[in-house]
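Please open the model in the viewer and display side chains as sticks. The stops below indicate what to select and what is to be found there.

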Amino acid sequence: CSTTSTMVKTFALEARGGEPVRGVVLDMDNTLYSSEAYTRHQEDVLLERLAAERCWAGGTEEARARVNQERARHRAKPPLSAAFAALGVSIATSVEWREQCIAPERFLRADPRLRDTLQRLRSVGPGLRLAVLTNNPRSIARRTLHLLLGDGWEPLLDAIVGLDDTLAPKPDEAGFVAVARALGLPYEQLVSVGDRYEVDLEPALRLGMRGVLVERGVFDVYELPTLLLDSECVTSNRRVTTC
């Protein structure tokens, strides 16, 4: 583990076996934006749908209690789609419900600083490739990215991998395997960036990727271009401080 002057935590960021970073894999929710209201909205509408489909007398609160009970059985809180699967809702059905119920347009606005950050990342190293890996469907990701980045955002990213691509939510390794394949890069040349260690970083590290934990969400993402330069993992510059 390493830390920077802004206290962003990094894992195995320095070059592994001489391999430089050639790709950045970005989580989306609570990483590319910070909105507690939108986070609550996503959970609330999906719990409401679950309760309605199951005809539970206790409604949304009964659904919440059942999901929390399922999550409490695990060391790290599983994503909502995994908890739903344990309650008999297939991942494919979760994808459909998310596409039908989640409304990022009600909560998110353009973030010019995020767009500038992605443009700066492009210039950090030669041919640096960027991808988004999310536990939401690709359609929700595209709507979210359009809201955050504005028109013409597509050239900023080389790949988007969503829940509908793998039907296996993070922390399953399937999404990381798929995004590496989509970028055409080995694991050792990729760094995974996200707000949850057990979900966004731990599986990536097992595969041989590197990791950056953004506990302040997008405010830490803004620091990524400087962080990658300072770590010497892309090009020679100042070193980060080792924990």
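Select Asn135 and Lys170 in this predicted model: the side chain of Asn135 reaches the backbone nitrogen of Lys170 at 2.8 Å. Asn135 itself is found in the loop between β4 (129–133) and α6 (138–149). Is this residue buried or exposed? Asn135 has a relative accessible area of 11%, under the 20% cut-off, and is therefore buried. To display its surroundings, add Pro79, Arg98, Leu163, Pro169, Lys170, Arg196 and Val199, which Asn135 touches when residues up to four places away in sequence are not counted.

Next, select Ser139, which lies in helix α6. With a relative accessible area of 30%, Ser139 is partly exposed. Add Asp164 and draw a distance between the two C-alpha atoms: the separation is 9.2 Å in space, against 25 residues in sequence.

Val199, one of the residues touched by Asn135, leads to the next stop, helix α9 (residues 197–207). In this helix, Val199, Asp200, Leu201, Pro203, Ala204, Leu205 and Leu207 are buried. Which elements do these buried residues pack against? Colour β2 (9–11), α8 (174–183), β6 (190–194) and β7 (210–213) to display the partners of α9. Then select Gly208, just after α9, where phi is positive at about 110°.

Move to helix α2 (residues 59–71) and select its end C-alpha atoms, which are 19 Å apart. At 1.5 Å a residue, the 13 residues of α2 should span 18 Å, so the distance in the model agrees with the expected span. Within α2, highlight Ala63, Val67, Glu70 and Arg71, which are buried. These residues cover an arc of only 100° around the axis and therefore lie on the same side of α2. Their packing partners are α1 (36–54) and α3 (80–86).

Finally, select the entire protein chain, whose secondary structure comes to eleven helices and eight strands. Its C-alpha atoms fill a box of roughly 60 × 40 × 30 Å along the principal axes. For 243 residues, a compact globule would have a radius of gyration near 18 Å; the chain has 18 Å, which agrees. Of these 243 residues, 51% count as buried. Among contacts with a separation of 6 or more, 69% come from residues 24 or more positions apart. With a surface display switched on, the chain exposes about 10,600 Å², of which carbon and sulfur atoms supply 48%.

Conventions:
Residues are numbered from 1 along each chain as its sequence is written. This is a predicted model: local features need pLDDT of at least 70, side-chain atom pairs count only at pLDDT 80 or more; totals for chains, interfaces and linings use all residues. Side-chain values use heavy atoms; hydrogens and water are left out. Helices (H or I, at least four residues) and strands (E, at least two) are DSSP runs, numbered from the N terminus. Buried means under 20% relative accessible area, exposed over 50%, partly exposed in between (1.4 Å probe, protein chains only). A polar contact is a pair of N or O atoms within 3.5 Å; within protein, one must be able to donate a hydrogen and the other to accept it, and residues adjacent in sequence count only if both atoms are side-chain atoms. Contact means heavy atoms within 4.5 Å. The expected span of a helix is 1.5 Å times one less than its number of residues. The arc is that of the directions from the helix axis to the C-beta atoms. The radius of gyration is taken over C-alpha atoms; the globule rule is 2.2 Å times the number of residues to the power 0.38. Accessible areas come from the Shrake-Rupley method with a 1.4 Å probe; for residues, only the protein chains shown count as cover.
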